[in-house]
Amino acid sequence: MESQEATTKLLRNVQSIMEAPLPRGYLKYTGRMLLRFVLTAQGLGAFALITLGVAVTKFNVAANVMRPMIRAEVRRAGLRLLPVVLFIGSALGFVILGQTVALLQKFGASEYIGKVMVTVVVRELGPLAAALLVLGRVGTATVIELGTSRAHGEVEALEALGIDPIHFLVIPRMIGMAVGIFSLTIYLILTAVLSGYVFAFIQDVPILPADYFRQLAGALIWEDFALLALKTLGFGVVISIVSCYQGLAQPLRLEEVSFATTRAVLHSVVACVLLDAMFIVVYLVM
Amino acid sequence: MNTTIQSRREVLVELDDVTVKAPPLDGAMPVVGVNWKIARGDWWVIGGPAWSGKSDLLATAAGLVPPDDGAFFLGGRNVQIIEEDDLLQARLKVGLVFENGGRLFHHLSVAENVALPLSYHRNLTVADAAVETAAVLELTGLTRMAESVPSRIGRPWRQRVGLARALGLKPEVLLLDNPLGGLDWRQAVWWIEFLAALAAGHPFLGGQPLTLAVTTDDFRPWKSQGRQFAVLKENRWQALGGREGLDPVREPALRELLAAG
């Protein structure tokens, strides 16, 4: 009981510090920013753990209701974005090959374009571009939908009906975004690789299709496939958790939804870059 | 006498010296000292002016918000020590109709709103739940607007959808937060007569009398139907007993809630 009171008092103190005007002085300002970062990370971590717990414990609950919702979310975060992903993939292929072919030809090393494609597109740009696209198109919409629902009291209505809001609102979106980013990344990479070769062909780069694809195959190792799957699914989970956390996890007024949306974009980008950085460490070790 | 009768009946919801949590955003005061037993067959009417904590009290009684202090029992079991699955089953026996348009899911149609709890808890597809959904819509006079979304229908009808949604699961206790708020007299009469039919044992509920608790800022429409009365006065719970307790001379706090318009 005493420890509970102490925790409540501590939380109240932290809250009053966070609500106070920004302090003057770099050190205090940095301290405030660090505290805010820690509190956000703590909230997000707790929300992620709760969500994963619900995903496991309610795995097959109300399957006839949840499955159509999951399919709808996969369609929304995957299939509907396919045309724009194909466009971005083609553009990425042209741009990267356009830059690297010109550079590599100077050194007479144009046979390395396959290696460049794998390193740049498969490992880095492909997953990140797909993730940012899903964040922009679906993540932001998620914060607005959930934030508005929260502000209208629909979340309490779900609880009153015995429906777990995390299960009903978050799990379909998490699966949708994870599967969506994973699938879109594959299409984006394939389009970029093909359009890259088309560009090389137009530029008269002396490389046969068979050689190009052999280079690609040679540059790829089996870990690339596993890490690509992990990374894209991770991006999906991160973006959905951050978006749903900003929309759901705190009482919102309608006028606060726009702030929550911009916050979600910022936090998602930071979280994705941090996750990406963790994967770079893995690639360096490999 | 009243207490003796009540103690013989099964107590479905009990708040024992509870302090009701106030919402953090609005600076509202918590309601303290709530000793409330809802027994099978009761029809409670709880009055109080605006911002007296009526909605928070119902949210606590429905198990949505844990009390700040005191003990809370659902179906005779303390919710603090009950297993999660048992708590869910106990909570499903208590329906809650929110005030001010019923807090419907705005992206779903009226029929989908009503069907959602049915299909979720029984793992039914939309088609499987259609017959039961149609029966609830028919009962509440909503069949014509089944395919409309909530934003296309008027507030009194949205409130009715909230009622239909709560009734779908056939609860044992129905808590209604200011159900007559903002309704014209025709709608208000429908609500009172419909609730009276439910309390008397409606065929839809297998003839079992439904236990009711409503909040209000005006006791007058409920005087003839309510069986137990209470008032929230200066953020304190005060039970008034039966209809004879609604005496503005004996209890000055009731003057405003019983005043002729």
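Is Arg103(B) buried, partly exposed or exposed? At 30% relative accessibility Arg103(B) counts as partly exposed, where buried means under 20% relative accessible area, exposed means over 50%, and partly exposed lies in between, computed with a 1.4 Å probe on protein chains only.

**Before selecting anything**

This is a predicted model, in which local features need pLDDT of at least 70 and side-chain atom pairs count only at pLDDT 80 or more, while totals for chains, interfaces and linings use all residues. Residues are numbered from 1 along each chain as its sequence is written, chains are lettered from A and ligands numbered from 1 in the order in which they are written, and side-chain values use heavy atoms, with hydrogens and water left out.

**Stop 1: Arg103(B) and its partner**

Select Arg103(B), which lies in the loop between strand 6 and helix 4 of chain B; helices (H or I, at least four residues) and strands (E, at least two) are DSSP runs numbered from the N terminus. Although Arg103(B) is not a glycine, its phi is positive, at about 50 degrees. Now add Glu156(A) to the selection: Arg103(B) forms a salt bridge with Glu156(A), and the closest N and O atoms are 3.9 Å apart, under a rule that asks for a side-chain nitrogen of Lys or Arg within 4 Å of a carboxyl oxygen of Asp or Glu. Across the interface of chain B and chain A, that rule finds 1 salt bridge.

**Stop 2: the whole interface**

Widen the selection to both sides of the interface, where 23 residues of chain B are in contact (heavy atoms within 4.5 Å) with 23 residues of chain A. The rule for polar contacts finds 6 residue pairs across this interface, both residues being at pLDDT 80 or more; such a contact is a pair of N or O atoms within 3.5 Å, of which, within protein, one must be able to donate a hydrogen and the other to accept it, and residues adjacent in sequence count only if both atoms are side-chain atoms. On the side of chain B that touches chain A, helix 3 (84-92), strand 6 (94-97) and helix 4 (110-122) of chain B each supply at least two residues, and helix 4 of chain B gives the most, with 5 residues. By class, this side of chain B has 14 nonpolar, 5 polar and 4 charged residues, where Ala, Val, Leu, Ile, Met, Phe, Trp, Tyr, Cys and Pro count as nonpolar, Asp, Glu, Lys and Arg as charged, and the others, Gly among them, as polar.

How much area do chain B and chain A bury between them? The value is about 2,000 Å², 63% of it on carbon and sulfur atoms, buried area being the accessible area (1.4 Å probe) that two parts lose on being put together, summed over both.

**Stop 3: helices 4 and 5 of chain B**

Move along chain B to Asn123(B), found in the loop between helix 4 and helix 5. Asn123(B) is not a glycine, yet its phi is positive, at about 55 degrees, and its relative accessible area of 31% makes it partly exposed.

Next select Thr133(B), whose place is in helix 5 (residues 126-139) of chain B, and which counts as buried at 5% relative accessibility. Leaving out residues up to four places away in sequence, Thr133(B) touches Ala111(B), Val114(B), Ala115(B) and Leu118(B). Leu137(B) is also placed in helix 5 of chain B and is buried, with a relative accessible area of 4%. Its contacts beyond four places in sequence include Val110(B), Ala111(B) and Val114(B); Leu137(B) and Val114(B) are 23 residues apart in sequence and 7.9 Å apart in space, C-alpha to C-alpha.

**Stop 4: chain A**

Turn to chain A, whose secondary structure comes to 10 helices and 0 strands, and of whose 286 residues 44% count as buried. Select helix 4 (residues 82-106), which has 25 residues and reaches 36 Å from its first C-alpha to its last, close to the 36 Å expected at 1.5 Å a residue, that span being 1.5 Å times one less than the number of residues. Its buried residues include Val85(A), Leu92(A), Ile96(A) and Leu104(A), and what covers the buried residues includes helix 5 (113-151) and helix 7 (165-202) of chain A. Just after this helix, Gly108(A) takes a positive phi of about 65 degrees.

Finish at Glu73(A) in helix 3 (residues 63-77) of chain A, which is buried, with a relative accessible area of 11%, and which touches Pro172(A), Arg173(A) and Gly176(A), not counting residues up to four places away in sequence.
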